[in-house]
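Hi there,

Here is the structure I promised to pass on. Have a look, and then read my notes below.

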Amino acid sequence: ETNNKIGLELNGTTGGGATEIWSNIDAFSNAAQGIYVNGCTDECGVSDFFVFENCEDGLLVQNSTGPRFNTFIAEGNGTAAVAGSDNGVHVGCPSSSRCGSNTDVKLTGAVGTNPSVYDNKGNGVLLDSSEGTSAKDAVSLIIADDNGGDDLDDANANCGDNRWVSNFFGTANLGCIGAY
């Protein structure tokens, strides 16, 4: 999906939020997000995807329960003109927003030696302040480097109930973000 407002949108309306699973997606050069997930339940998700040079977040996940994202690359997303929407992967929203929090989001990168989240204008992976004590999100096997903000960022004190396991990165904002 290219040159659209949003590359791929999973909004949970099919079957009242039924499982929606997509794979082998390239979403690049879109005016907003490469992939936008809003209101998905029952383990919707995307695997084997590439989000590249989208004007806002490469992947944005909001108001969802149990989504899964596996084996992906998020590169070069964001523009200086869209402050706060410059991340490779953005889960949640600032606490002042009404977009809704997520529960049990799983992000798993590819196993290899090359970064899978890099050169984004903002953070590589951001779990926003809405992903606090009840979120129970998990981020594992992410290789992140050379992003404009932190490579891995959790906006919650002591990572809330989020789990960061076996990641490799250049910078992180909290010590609770796990490394290899």
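Let's begin with a puzzle: is Asp145 buried, partly exposed or exposed? Asp145 is partly exposed, because its relative accessible area is 38% (buried means under 20%, exposed over 50%, and partly exposed in between, with a 1.4 Å probe and protein chains only).

Before going on, a word on the source: this is a predicted model, where local features need pLDDT of at least 70, side-chain atom pairs count only at pLDDT 80 or more, and totals for chains, interfaces and linings use all residues. Residues are numbered from 1 along each chain as its sequence is written, and side-chain values use heavy atoms, leaving out hydrogens and water.

Asp145 sits in strand 12 (residues 143-145); strands here are DSSP runs of E with at least two residues, numbered from the N terminus.

Val139 belongs to strand 11 (residues 138-140). With a relative accessible area of 1%, Val139 is buried. Its C-alpha atom lies 8.3 Å from that of Val105, though the two are 34 residues apart along the chain.

Now follow strand 6 (residues 68-75), which runs parallel to strand 4 (residues 45-52) and is joined to it by seven bridges. Pairing means that DSSP finds at least two bridges between two strands. Phe52 is opposite Glu75 of strand 6. Strand 6 also pairs in the parallel sense with strand 8 (residues 106-108), over three bridges, and there Arg68 has Lys106 as its bridge partner. Strand 9 (residues 117-118) is another parallel partner of strand 6, with two bridges, and Ala74 faces Val117 in strand 9.

Cheers!

Conventions
Helices (H or I, at least four residues) and strands (E, at least two) are DSSP runs, numbered from the N terminus.
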